[in-house]
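Q: I would like a careful look at a single part of this model, the sheet. Please go through its pairings one after another, and then place them in the whole.

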Amino acid sequence: TIKWQKPAFIGKEALNAAKNIRHAYGITLSEGIARKNYPIYKENEQIGYVTSGNYSPVLKKSIALILVDCLLAKNDQIFVAMQGK
C-alpha cells in the first residue's frame, strides 16, 4: 500500500508519472466496426479512444486497437461509442 499524502517516499515521482501513461489493448467487438478516435467507455466514464479498427476475416469478427487511461482485465466489459450510439 502507498500513502499518497506523504510528502516524499522512494519511487513517488516514478509512480506519479506512471499514473499518466495510456495503456494499449487489442479488443474484439460484438457488433459494428470501431473507427479511429471513437471514444471508449467503462461504467459510463470515458477512459480512452480507438486508434484503429477493422473486420478480421480470420477471426470472423471486428477487432480494434485502443488506448485507455486505466488497466483492464481480460473479461472487463467496455463500450465503443459508434456514431453517437
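In which sense do strand S1 (residues 23-29) and strand S4 (residues 61-68) pair, and over how many bridges?

A: The model is a predicted one, in which local features need a pLDDT of at least 70 and side-chain atom pairs count only at pLDDT 80 or more, while totals for chains, interfaces and linings use all residues. Residues are numbered from 1 along each chain as its sequence is written, and side-chain values use heavy atoms, with hydrogens and water left out.

Strand S1 (residues 23-29) and strand S4 (residues 61-68) pair in the antiparallel sense, and seven bridges join them. Strands here are DSSP runs of E with at least two residues, helices are runs of H or I with at least four, and both are numbered from the N terminus; two strands pair if DSSP finds at least two bridges between them. Two positions help to find this pairing on the model: Gly 26 stands opposite Leu 65 in S4, and Leu 29 has Ser 62 of S4 as its bridge partner.

Ser 62 is also a good place from which to step across to the next strand, since S4 has a second neighbour in strand S3 (residues 45-56), to which eight antiparallel bridges join it. In that pairing Ser 62 of S4 is the bridge partner of Tyr 55, so that Ser 62 has a partner in Leu 29 as well. S3 and S4 form a hairpin with four residues between them, and within the turn Lys 60 has a positive phi of about 60°.

On from S3 comes strand S2 (39-42), which runs antiparallel to S3 and is joined to it by four bridges. Here Lys 42 stands opposite Glu 45 in S3. S2 and S3 also form a hairpin, this one with two residues between the strands, and Glu 43 in its turn has a positive phi of about 55°. Glu 43, which is a residue other than glycine, has its place in the loop between S2 and S3, and at 69% relative accessibility Glu 43 counts as exposed (buried being under 20% relative accessible area, exposed over 50% and partly exposed in between, with a 1.4 Å probe and protein chains only).

S2 is joined in turn to S5 by two bridges, and these strands too run antiparallel. Ile 40 stands opposite Val 80 in S5.

Taken together, these pairings make an open sheet of five strands in the order S1-S4-S3-S2-S5, with antiparallel pairing. S1 and S5 stand at the edges with a single partner strand each, and therefore one side of each is left without a neighbour in the sheet.

The loop between S1 and S2 holds Asn 37, which is not a glycine but has a positive phi of about 75°. Like the turn residue Glu 43, which is exposed, Asn 37 is exposed, in this case with a relative accessible area of 52%.

How does the sheet sit in the protein as a whole? From the N terminus on, the elements run α-β-β-β-β-β, which amounts to one helix and five strands. The segment before helix H1 (12-19) contains Gly 11, a partly exposed residue with a relative accessible area of 35%. Gly 11 and Gly 32 are 21 residues apart along the chain, and 43 Å separate their C-alpha atoms.

Along the principal axes, the C-alpha atoms of the protein fill a box of roughly 50 × 25 × 20 Å. The radius of gyration, taken over C-alpha atoms, is 16 Å, whereas a compact globule of 85 residues would have one near 12 Å by the rule of 2.2 Å times the number of residues to the power 0.38. Of the 85 residues, 25% count as buried. Among the contacts (heavy atoms within 4.5 Å) with a separation of 6 or more, 52% are accounted for by residues 24 or more positions apart.
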